[in-house]
Amino acid sequence: MEDPLPLHSCHVQKSCMIINRSYIFVHGTALLALLYYRVSSLLEIILAESRELPYFVSYLLVFASELVLSFLWFLSISYRWRPVSRSVFPERLPEDQKLPAIDVFICTADPEKEPTVEVMNTVISAMALDYPPDKLHVYLSDDGGSPVTLGALREAWKFARFWLPFCTKYGIKTRCPEAYFSKDDDCDGSLSRSSSIEFIDDKKEIEKQYAVFKERVLRIQENTSTASKDHPPSIELIKDADDDRANQAEMPLLVYVSREKRPSHPHHFKAGALNVLLRVSSMLSNSPYILILDCDMYCNDSSSARQAMCFHLDKTISPKLAYVQFPQKFHNISSEDIYDSQLRLCFSHMWYGADGLKGPTFTGTCFYMKRMALYGTSQLQKDANLAQLQKVFGPSNDFIISIYQKNHTNGREFFITVLEEMDLLASCSYEKDTEWGEEACFRYLSVVEDFFTSFMLQCKGWTSVYINPPKPSFLGSATTNLSDYLVQHTRWYTGLVDIVLSKYSPLIYGAPRMSSVLQCMYISHIAYYFLNFFPLWCLAIIPQLCLLQGIPLYPEISNPFFLVFVFVFLSSNLKDIQEVLADGFSIRPWIYDQRMWMIRSVGCYIYSFLNAIQVKIGMRKASFKPTNKVADEGQFKRYLSGIYDFQASTMFIAPICTLVILNVTSLLLGAVKIVVTGNYDQMFIQAFISFFIVALQYPVIAAMFFRKDSGRISESSATLSALLAAIILFIGSLLFMY
């Protein structure tokens with residue numbers, strides 16, 4: 001008997017691997033030379049009899065900054081070592097009746113921040129996946145318990161009754177209604193029907209139905225109360241009022257789930273909502289695979305489920321495969337993408353490299369997860385008694401039975417009979433004295449449950465794969481203003497710092513448990529990336545203060561080690577530029593990436609660190625605010641025009657403004673001092689650092705002093721920043737006078 005054809009293929013990106021490894025060797029050698037220079041110079045300073053304390057401390061801090069940057073670069077070797085890309089062959093999958101069932105989990109929390117029509121488009125697109133409808137089950141978690149969301153979901157079901165047959169009949173590939181009707185042409189699908197009278201008539205009719213659907217949803221929003229943080233559990237099977245089961249059999253199962261929330265009980269944010277969906281879905285469908293989606297991340301390619309099954313059904317990798325990750329891509333990204341909302345580093349390079357190891361971490365959305373991997377039942381003995389299982393999974397015997405039940409069930413047939421049990425599973429007290437979120441399922445330690453859960457899975461030997469099809473499988477809404485962008489990144493990195501400060505710190509906890517050293521380095525690079533705040537603050541202040549005092553911290557131009565510092569700077573940046581150009585972009589995205597990296601480092605990362613410290617010592621409680629998906633028209637227009645909008649909290653704006661003002665001052669006064677003293681050979685690098693920061697952050701200067709539009713930096717923020725810069729310069733001058 002011939003072996004079946006493979007369902008997928010994996011290709012090592014050889015040219016990229018050769019470039020990366022050559023870069024690692026050359027840049028690593030230069031870093032060793034730089035560190036040798038620093039250590040030998042530091043020893044000379046220590047042994048010198050006339051050592052000045054301010055100079056010694058300044059030198060030590062600059063050296064420490066270079067060590068931190070070198071450490072993070074060393075960790076980045078991991079995802080550059082062996083990048084791979086994958087292809088799939090869904091046409092080789094078994095027939096539909098042999099495909100496994102899939103549950104789709106979609107989480108929403110606040111209809112005021114997450115537009116309801118957009119959320120319903122995500123639900124409808126998931127229901128319209130190119131997959132057997134009797135094996136597809138969609139669950140919407142409404143953490144706000146809002147009547148708006150429930151009412152809109154009922155309307156979405158009614159519209160889907162017309163939309164799904166239309167998509168199937170005409171081979172529609174873009175199955176998100178809003179995206180489909182926003183197109184200017186009819187070239188969507190495999191059927192030749194753009195001139196068909198029947199198709200034109202049907203499209204006009206379904207477009208009218210969609211307009212009615214949106215109007216009804218907006219009316220519900222106007223006349224209904226919004227989200228609540230104190231409400232009982234509510235679970236509803238969405239169906240037609242006439243309960244016509246014959247017609248509903250052609251539709252995927254659609255279930256509304258709002259878990260119980262009480263102010264006195266911890267709810268564990270998104271991880272808690274996902275764990276409730278795990279339990280509730282086990283009573284209705286119990287599908288072996290789960291697609292996790294953010295509420296704004298609609299299915300852009302209806303074939304993603306079949307693509308994921310090409311990996312999950314491969315017997316050679318499936319036993320250890322936990323999830324298949326697709327990239328997060330966005331439909332509202334401008335050609336400039338000035339805020340780096342597309343996360344180019346992650347999805348253009350890092351995830352390919354991680355896939356060449358044991359697989360990437362999952363990103364909270366756009367991945368197909370194996371249910372059994374979350375339960376961790378491979379760690380439980382088959383002869384475990386009921387008391388042991390209840391300690392892990394809670395008191396529900398029906399749920400424990402479902403863990404070992406292989407076949408999915410038809411939830412429509414007995415929804416009423418299990419409703420009481422589902423209410424128990426969705427109650428806020430169910431997880432008390434159990435291991436939910438600690439040893440099983442989505443983990444609770446951090447608000448970045450995606451990173452932490454996937455890290456723990458990989459520590460237990462599970463792997464993952466990354467697939468990036470030519471057509472984006474999912475498209476979402478990216479943050480398109482600076483304020484939401486900075487809030488979002490602060491939240492992410494606060495969660496990562498929480499993990500680093502816990503017993504699960506990747507380098508300590510992961511190293512002895514992960515089978516690959518490079519995989520541990522890759523995980524650690526993500527977790528420790530917030531450390532960039534230290535070198536960025538030091539290198540934006542200390543060389544500048546020393547420049548004003550005429551104190552050199554770097555080798556003079558005639559010193560051979562001057563070339564080492566120049567090479568390290570050029571090597572690092574040219575590698576970034578090479579990666580941007582290899583992705584088909586111009587050099588501009590590299591400038592935007594560098595600018596946003598600096599703004600994040602001096603603002604988001606240090607606030608993340610301070611927030612995590614406060615939570616750790618009990619000064620404040622962990623919090624989670626959903627990212628605002630409601631676009632401001634003025635801000636969005638500026639974003640599309642490539643103009644930065646600085647309408648953000650002074651807390652985020654003041655750090656970068658302070659450092660820019662300080663560097664402008666040091667560059668101007670330092671240049672005068674260099675001309676007067678003639679010691680340009682000793683002070684060249686320090687003057688260049690100031691020049692580089694000022695040139696890179698010119699939009700900040702323009703927003704403080706030249707712009708008059710509403711996106712400029714406010715006078716209060718600019719004044720405060722100037723005052724802080726003056727204080728730093730004054731204190732620095734006093735210290736060097738000592």
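Which helix holds both K158 and E155, and how many residues apart are they? The legend for the second view has the answer, and the whole set shows a predicted model.

**View 1. The whole chain, before zooming in.** Here's the predicted model in full, with 27 helices and 13 strands in its secondary structure. The radius of gyration is 28 Å, close to the 27 Å that the globule rule gives for 738 residues, so the chain is as compact as a globular protein of that length. Laid along its principal axes, the C-alpha trace spans about 90 × 60 × 55 Å. Buried residues account for 57% of the 738 in the chain. As for contacts with a separation of 6 or more, 83% of them come from residues 24 or more positions apart.

**View 2. K158 and E155, a salt bridge within one helix.** Both residues sit in helix α4 (residues 147-170), three residues apart, which is about one turn of the helix. The closest N and O atoms of this salt bridge are 3.6 Å apart. Buried or exposed, where does E155 fall? E155 counts as buried because its relative accessibility is 13%, under the 20% cut-off. K158, at 41%, counts as partly exposed.

**View 3. E198 and K169, a salt bridge between two helices.** In this pair the closest N and O atoms are 2.7 Å apart. The bridge links distant parts of the chain: E198 belongs to helix α6 (residues 197-223) and K169 to helix α4, with their positions 29 residues apart in the numbering. Both ends count as partly exposed, E198 at 45% relative accessibility and K169 at 42%.

**View 4. K98 and E95, plus a salt-bridge network.** The side chains of K98 and E95 meet in a salt bridge with an N to O distance of 3.4 Å. K98 has 56% relative accessibility, so it counts as exposed, the cut-off being over 50%. E95, at 38%, counts as partly exposed. Which residues form a network of salt bridges? That would be R80, K575 and E579, linked together. For the model as a whole, the count comes to 24 salt bridges. Side chains of opposite charge can pair when their charged atoms come close.

**View 5. The largest cavity and its lining.** The count comes to one cavity of 30 Å³ or more, and the largest cavity has a volume of about 60 Å³. Its lining is made up of A373, L374, G376, E439, A440, C441, R443, T453, L457, K460 and W462. Two elements, α11 (371-375) and α15 (449-459), each give two or more residues to that lining. What kinds of residue are these? They divide into six nonpolar, two polar and three charged.

**View 6. D340, a positive phi in a loop.** D340 isn't a glycine, yet its phi is positive, near 55 degrees. You'll find D340 in the loop between β10 (329-330) and α10 (344-355). With a relative accessible area of 9%, D340 is buried.

**View 7. D433, another positive phi, also in a loop.** Phi of D433 is about 65 degrees, again positive in a residue that is not a glycine. D433 sits in the loop between α14 (415-425) and α15. Is D433 buried, or is D433 exposed? At 61% relative accessibility, D433 counts as exposed, whereas D340 from the previous view is buried.

Key. Residues numbered from 1 in each chain as written. Predicted model: local features only at pLDDT ≥ 70, side-chain atom pairs only at ≥ 80, totals over all residues. Heavy atoms only, no water. 1 Å grid on protein atoms, 1.4 Å probe; cavity = no way out; pocket = protein on both sides within 12 Å on 5 of 7 lines; lining within 4 Å. Points joined across faces, edges and corners; volume = space filled by probe spheres on them. Helix = DSSP H or I, 4+ residues; strand = E, 2+ residues; numbered from the N terminus. Nonpolar A, V, L, I, M, F, W, Y, C, P; charged D, E, K, R; others polar. Salt bridge = Lys/Arg side-chain N within 4 Å of Asp/Glu carboxyl O. Buried < 20%, exposed > 50% of the residue type's maximum accessible area, 1.4 Å probe, protein only. Rg over C-alpha atoms; globule rule 2.2 N^0.38 Å. Contact = heavy atoms within 4.5 Å.
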